[in-house]
Amino acid sequence: MQQPRRRDVLALGGLAAAGLAMAGCSAAPLPTAVQPRSPVKAYWARQRRHGTVNFANWPLYIDTGHKTLQEFTAATGITVNYSEVIQEVSDWVNKISPILRSGQSIGYDMMVVTNGFWFSQLVSMGELVPLDQSMLVNFHKYAAPRFQHRSFDPGNTYSIPWASGTTGIAWNPKFIHEPVTSLNELWNPAYKGRIGMISDIQDVGNFGLLKLGINPEKSTPADWAAAAKVLTQQKHSGLVRGYYQQSYIDELTAGNTWISMAWSGDIFQQNLSSGTSLKFVIPDEGGTLWTDNMMIPKYAQNPMDAMLLMDWYYRPQIAAQLTESINYISAVPAAQPIIAAAAAKATGSSKALLHEVATSELVWPSAADYKRLYNYPDVSGKAQAQYEAIFNPVIA
């Protein structure tokens, strides 16, 4: 088995740092003029298929029965060792970073990490392998443009999406009868003590910025301080019942909260599984689009096999199978009519489920929704510490 040469890995790490610097300047793809004789091109020229790929993912985040992996093996002869070992992105990055910094493989060739603090840290510390764009044929052909041009990873240098979701507002129609359209409803005195907020400081920070009309992707430390101030005022006025992680969905369903920051996939799945009728909206002022990203860690033993698997999930039929199971936003628009066709042929309960997956704007946001969705601020290094210092007191 061919191992990455140390000089290649060191050069790749240097390129990673350069890529992060470019990320702050432009969302355009890397110009092709930098590719000839580059360390990235030299690295990939040495790689070969080994017939194995070790894939680290989150629990319950793939199609039931792993049929998509089985079909990949049948088509390519590459065996996938799939592990659901990622529980929290912070814990995962803190676990693997010391290993990578010591020059060792983490034992996985491919992993799924959400954009935000920890994604930025992996890039800035040179702990990811820049991707071979020539192997991403399906991605460049089938991915929606908005997922090919992302502010946090210009040119998809280090990642491509696995699945995405949105952070917006959900409400229980048993208690709030009028449609919610504005972020201001999270500051509405009529709901005092019945408002839920997400405890993730990136999400809550984004909502504070959007409340003030500030684009999170272009925000400054002064903007963060202003957003924290308006969030603190919301807290001290007694409006907020609590700052929740996953339990916000239970509070909303039970009526302990009437309105809450919420994740789109949770609301979709809760309504399907429990028969509830919770409502969800991307507010007029905007919401958050977050993405779980496939990437290759430095010192991966089977990077070419990993590239083939990453691109496999951009075949529309494969993307459709994944979306039918996980119900999160797909980057492949061509998967939607495939699911709709499957719904038309299905019978019984599966027909209703597939129809809902094919038509729900929680899975396929409208063009108007996408215009109101923003990424997290791209912060790393000292900026991350500053951001945390500003927003941690809000949820404490």
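Biologist: Which residue just after α4 takes a positive phi?

Modeller: Happy to help, and please keep in mind that this model is predicted. Look at the stretch just after helix α4, where phi turns positive, at about 85°. The residue there is G103.

Biologist: How far apart are the end C-alpha atoms of α4, and why does that agree with a helix of 13 residues?

Modeller: Helix α4 runs over residues 89-101. The expected span counts one less than the number of residues. At 1.5 Å a residue, α4 should therefore span 18 Å, and its end C-alpha atoms agree, being apart by 18 Å.

Biologist: Within what arc do the buried residues of α4 fall?

Modeller: Let's list them: V89, W92, V93, I96, S97 and L100 are buried. Seen down the axis of α4, these buried residues line one face of the helix, because they fall within an arc of 120°.

Biologist: What covers those buried residues of α4?

Modeller: Two strands and a helix are part of the cover. They include β1 (52-57), β3 (110-114) and α5 (117-124).

Biologist: Where does α17 bend, and which proline follows?

Modeller: Helix α17 covers residues 382-395. Its bend is about 30° and lies at A389. Within four residues comes the proline, P393.

Biologist: Which buried residue of α17 is also listed among those with the most contacts inside the largest nonpolar core?

Modeller: The buried residues of α17 are Q384, Y387, I390, F391 and V394. The largest nonpolar core has 126 residues, and those with the most contacts inside it include W92, L186 and F391. The name found in both lists is F391.

Definitions and conventions:
Residues are numbered from 1 along each chain as its sequence is written. This is a predicted model: local features need pLDDT of at least 70, side-chain atom pairs count only at pLDDT 80 or more; totals for chains, interfaces and linings use all residues. Side-chain values use heavy atoms; hydrogens and water are left out. Buried means under 20% relative accessible area, exposed over 50%, partly exposed in between (1.4 Å probe, protein chains only). The arc is that of the directions from the helix axis to the C-beta atoms. Contact means heavy atoms within 4.5 Å. The bend at a residue is the angle between axes fitted to the seven residues ending there and the seven starting there. A nonpolar core is a set of buried Ala, Val, Leu, Ile, Met, Phe, Trp, Tyr and Cys residues joined through side-chain atoms within 4.5 Å.
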